[in-house]
Amino acid sequence: MVGNMNTLKPNWFSETCDMWPGATFSFEVKELLHEEKSPYQQIHVFDTTHLGKVLVLDGIIQCTQKDEFSYQEMISFLPLCCHKNPEKVLIVGGGDGGVAREVAKHPKVKEIVQVEIDAKVIEVSKKYLPFMAVGFESEKLTLHVGDGFEFLKNHTAEFDVIITDSSDPIGPAVHLFEENYFTLMKKALKPGGIVCSQAGTVWNDLDLVTSTLRYCKNQFAVAAYAYASVPTYPSGQIGFVVGSLDKDAKLDTPLLVFSREDEKAMNLRYYNSEVHKAAFTLPTFVKYQLA
């Protein structure tokens, strides 16, 4: 089982999944805007009473209009602000356009390449989630529809930063949580390159977080786990593994610090340099598990 819909009462959606057994997250639906089965996954888009538009893939919430910015900003600016000159960026996944929207804001980024496997997610996001899909309109962006894993096999020493915005490690995203993937990313980076990948939450699957960070550490000179608050994700948190080929990199200390004027101009609502530093400060049980 991946995820399914349960009717708690009329017009309610309930997310359930084997990855977080014994619990659900539910929201009230105003309207089902879209439903279809792509070659890769089941796609739903809802308009809700309190969360705005919501994208659901295989029964699992991917983003809600209310809080998507915290995830998009953190997975983008954690690696970008740790790199000395992130001119060329690869995004793997991110079919809703949110990560592209944020990466395009960074003043040093000149070129963005994005590889998304499911063309239907892109199409649906452009129609129903324009506040995120605006990322596809950036002149910096070149978009490819295809398998990111396969794409990386054909690119060597090309990117400064690689960001992997994947769904959970089930379905089409399962290979993005394996060590072979981190090996491929390492080869695709220029010297001193940085990666950042969605890595799950410690509250629901600490073993997954541990293994994903271990794979990253095996390939990168420096690696660490950070997290952000996203109320509509399981446990209200989501984490990221960040890895750098630069042995002197300090991942918890941004090299580029935005001023208040920068934050306003870039429409940043979650990320700032203080949040960046705090994101790597872990609870005691996590700190020793990941050490």
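This is a dialogue on how to read some features of a predicted model.

Biologist: How do strands come together in a sheet, and which order do the strands of the open sheet of 5 have here?

Modeller: Strands of a sheet pair through backbone hydrogen bonds, and the pairing is either parallel or antiparallel. In this predicted model, one open sheet of 5 strands runs in the order β1-β2-β3-β4-β5, and its pairing is antiparallel.

Biologist: Which strands stand at the edges, and why is one side of each left without a neighbour in the sheet?

Modeller: The edge strands are β1 (12-15) and β5 (60-64); each has a single partner strand, so one side of each has no neighbour in the sheet. From one strand to the next, the twist averages 45 degrees.

Biologist: How many bridges join β2 to β3?

Modeller: Strand β2 (residues 25-37) and strand β3 (residues 42-48) are joined by 7 bridges and run antiparallel. You can pick out a residue pair too: Glu36 stands opposite Ile43 in β3.

Biologist: What joins β4 to β5?

Modeller: These two strands form a hairpin, with 2 residues between them. Asp58, in the turn, has a positive phi of about 50 degrees. Strand β4 (residues 53-57) pairs with β5 in the antiparallel sense over 4 bridges. Across this pairing, Leu55 stands opposite Cys63 in β5.

Biologist: β5 stands at an edge of the sheet. Is β5 enclosed or open to the outside?

Modeller: An edge place in a sheet and burial are separate questions. For β5, 5 of the 5 residues are buried, so this strand is largely enclosed by the rest of the structure. Take Cys63: its relative accessibility is 2%, and it counts as buried because the cut-off is under 20%.

Biologist: Cys63 is a cysteine. What is a disulfide, and how many does the structure hold?

Modeller: A disulfide is a covalent bond between the sulfur atoms of two cysteines. The structure holds 0 disulfides. Cys196, for instance, is in no disulfide: the nearest cysteine sulfur belongs to Cys216 and is 9.1 Å away. Cys196 is buried as well, with a relative accessible area of 0%.

Biologist: What is the order of the open sheet formed by 7 strands?

Modeller: Its order is β8-β7-β6-β9-β10-β12-β11, and the pairing is mixed. At the edges are β8 (141-145) and β11 (222-229), each pairing on one side only. Neighbouring strands in this sheet are turned against each other by 15 degrees on average, with direction ignored.

Biologist: How does β11 pair with β12?

Modeller: β11 and strand β12 (residues 237-244) run antiparallel and are joined by 8 bridges. One bridge partner is easy to find: Ser229 is matched by Gln237 in β12. Ser235 is found in the loop between β11 and β12.

Biologist: What is notable about phi in Ser235?

Modeller: Phi of Ser235 is near 75 degrees, a positive value in a residue other than glycine. Ser235 counts as partly exposed, at 40% relative accessibility. Ala157 is another case: it is not a glycine, yet its phi is positive, at about 50 degrees. Ala157 is found in the loop between α5 (148-153) and β9 (159-165), and it is partly exposed, with a relative accessible area of 44%.

Biologist: How far apart can residues be along the chain and in space? Take Thr142 and Val113.

Modeller: Thr142 and Val113 are 29 residues apart along the chain, and their C-alpha atoms are separated by 4.9 Å. Thr142 lies in strand β8 and is partly exposed, with a relative accessible area of 36%. Now take Leu78 and Ala249: these are 171 residues apart in sequence and 13 Å apart in space, C-alpha to C-alpha. Leu78 lies in helix α1 (residues 68-80), and is buried at a relative accessible area of 0%.

Biologist: How is empty space found, and what volume has the second largest pocket?

Modeller: Rolling a probe the size of a water molecule over the atoms shows where empty space is left. The second largest pocket has a volume of about 210 Å³. Its lining has 13 residues, and those nearest its centre are Cys82, Lys84, Asp246, Ala249 and Leu255. By class, the lining holds 5 nonpolar, 4 polar and 4 charged residues. Strand β10 (residues 189-200) gives the most to this lining, with 3 residues.

How values were computed. Residues numbered from 1 in each chain as written. Predicted model: local features only at pLDDT ≥ 70, side-chain atom pairs only at ≥ 80, totals over all residues. Heavy atoms only, no water. Pairing = 2+ DSSP bridges. Axes fitted to C-alpha atoms, helices over the stretch in contact; angles between N-to-C directions. 1 Å grid on protein atoms, 1.4 Å probe; cavity = no way out; pocket = protein on both sides within 12 Å on 5 of 7 lines; lining within 4 Å. Points joined across faces, edges and corners; volume = space filled by probe spheres on them. Nonpolar A, V, L, I, M, F, W, Y, C, P; charged D, E, K, R; others polar. Disulfide = S-S within 2.5 Å. Buried < 20%, exposed > 50% of the residue type's maximum accessible area, 1.4 Å probe, protein only.
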